[in-house]
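Thanks for coming, everyone. I'll put the structure up first and then walk you through a few parts of it.

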Amino acid sequence: MAGFSSKRRKIRQPDSEFPLLQCHKTQNDLEDWIGIGKLPDEILVSILSLLPMKQAIRTSVLARRWRYLWTSITHLEFDDRSVNYLLFSRPPSPSPTPFDMRAPLEPTYPPFLVKRRRFVDWVNQVLNLHKGSHVDEFILEFAVYGDYFKSDIDSWINFAFQKRVKRLHLIFTCSWASTQRSYALTPSMLRNYRLDSLVQLRLCYVEVTGEVLECFLSACPLLEFLSVSTSRVMNFKISGPSLKLKQLEITYCTLTSLDIYAVNLMSFKYYGNHECISLKHTPPLVNAHFGGTYASYIIKSFSQFQSYLSQLETLVLDLRFEKLTSFPKLPKLRNLKQLELELNRRVFCLLLCTSLLRASPSLNRFKIKFFDLDKRMKDKMEIKNAFVGCGVDLEIARYILSHTLSLEKIIINPRHRFMVTSEDTDEILKARSRARQHLEHRLPPGTQLVVL
């Protein structure tokens with residue numbers, strides 16, 4: 001070919017111990033890189049622990065010193081939806097590495113699980129090479145396929161316990177291909193390990209019993225955050241004056257009874273039935289998030305909960321699937337600073353909003369999300385980050401503008417959060433125009449209107 005020599009040119013290897021220095025173009029870049037290279041291993045490991053797993057592992061090619069630094073990171077996060085494990089290939093070295101994804105697959109797995117098996121192998125290799133004495137955070141997001149990979153998941157959780165994990169997040173999903181139950185966590189898995197280092201525990205789509213959760217509470221004296229979602233817990237009792245539990249989340253669980261006696265509890269999130277829950281021994285909450293029938297029950301019987309809701313600073317009420325047309329007079333929430341409502345067209349929005357606004361004299365942030373308007377879900381309105389598009393939105397916005405003593409900003413966002421395209425539709429353009437037309441001339445002095 002013209003312009004190219006027929007002789008093979010010899011590729012000169014870089015003289016620097018840091019190959020990637022060859023791509024630096026400025027003296028400042030070079031000095032910054034050399035400065036980083038002089039840091040102690042402990043600081044470099046701390047920095048690597050802040051990176052996503054894929055990026056942390058890729059630093060192994062920077063230099064000899066960096067080759068195994070990542071194996072001591074204290075933050076381990078494995079997400080089978082985002083980790084591009086197929087990009088890793090065997091480096092020019094005879095020694096095994098965590099990037100070798102070309103091992104033969106077991107023939108017993110159906111075709112749709114082949115890639116999942118590769119991800120599982122990758123996680124196993126990463127954990128086998130981990131040299132750190134402890135793990136601060138272990139996050140696993142994984143689609144469960146019945147009993148497939150159960151032994152692997154068991155070994156991952158055992159690894160976290162052995163490394164005295166502080167924050168453990170097991171976030172599972174159920175695959176469409178599996179009709180079996182989700183992964184089950186049993187008491188026998190907890191008895192062989194010391195769990196007194198655990199501070200946070202999040203379980204999503206993990207089958208646990210009340211016995212398992214109570215084992216965690218008794219074995220984890222430092223536990224401050226507990227979240228259980230989409231599980232058949234049945235009976236669960238949270239009690240003990242020595243509990244340090246500050247944040248509790250119980251959502252979409254099948255419960256027959258939930259008794260809470262936690263003197264340090266400050267934040268509580270609950271989606272479920274109001275008939276099975278008892279909060280008689282709960283101190284006044286600072287943050288509360290309620291959904292399902294319990295949210296509508298709170299509104300209808302607010303005065304009964306005044307003892308532990310009177311000190312609220314943040315309140316979220318998810319009423320998307322509830323039908324409310326009348327509301328009692330609400331007691332004063334004098335400490336409430338942030339209020340968020342998630343509503344549907346079966347809720348008398350204006351009456352609810354005005355009742356809550358009158359009861360919250362110290363409110364500085366009010367957010368509303370409307371769902372199922374025009375048979376579609378739309379985020380609608382946030383005051384001091386706000387959104388308007390239809391008649392009921394404008395009615396609420398006009399009420400707030402005329403009754404608020406001091407309003408800093410109202411933001412209009414006509415795009416719902418699940419909108420895929422970035423292009424503006426005719427509906428969005430009309431919503432923006434309508435918001436400006438109806439609200440700009442009503443703005444009090446000093447109030448800013450932002451239409452996104």
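**Two helices and what surrounds them**

So let's start with α4, where Arg116, Arg117, Phe119, Val120, Asp121, Trp122, Val123, Asn124, Val126 and Leu127 are buried. By buried I mean under 20% relative accessible area, with exposed being over 50% and partly exposed in between, using a 1.4 Å probe and protein chains only.

Before I go on, a word on where this comes from. This is a predicted model, where local features need pLDDT of at least 70, side-chain atom pairs count only at pLDDT 80 or more, and totals for chains, interfaces and linings use all residues. Residues are numbered from 1 along each chain as its sequence is written, and side-chain values use heavy atoms, leaving out hydrogens and water. Helices (H or I, at least four residues) and strands (E, at least two) are DSSP runs, numbered from the N terminus.

Back to α4. The cover over its buried residues includes α3 (53-58), β1, β2 and α5, with contact meaning heavy atoms within 4.5 Å. α4 has 16 residues and spans 23 Å from first C-alpha to last, close to the 22 Å expected at 1.5 Å a residue; that expected span is 1.5 Å times one less than the number of residues.

Now α5, residues 150-162. With 13 residues, α5 reaches 18 Å, close to the expected 18 Å. Its buried residues include Asp152, Asp154, Trp156 and Phe159, and among the elements covering the buried set are α4 (114-129), β3 (167-174) and α6 (210-219). Just after α5, Arg164 takes a positive phi of about 50°.

Next, a sheet. What is the strand order in the open sheet of three strands? The order is β8-β10-β12, with parallel pairing. β8 (234-238) and β12 (277-278) are at the edges with a single partner strand each, so one side of each has no neighbour in the sheet. Strands count as paired if DSSP finds at least two bridges between them, and β10 (255-260) has two to β12. In one of those, Leu258 is partnered by Ile277.

On to the cysteines. How many disulfides does the structure hold? Zero, taking a disulfide as two cysteine sulfur atoms within 2.5 Å. For Cys215, the nearest cysteine sulfur belongs to Cys220, 9.7 Å away. Cys215 is partly exposed at 24% relative accessibility, whereas Cys353 is buried at 1%.

Last one: Glu322, in the loop between β14 (314-318) and β15 (338-344). Is Glu322 buried or exposed? Buried, with a relative accessible area of 13%. Its C-alpha is 6.7 Å from that of Ser296, 26 residues apart along the chain.
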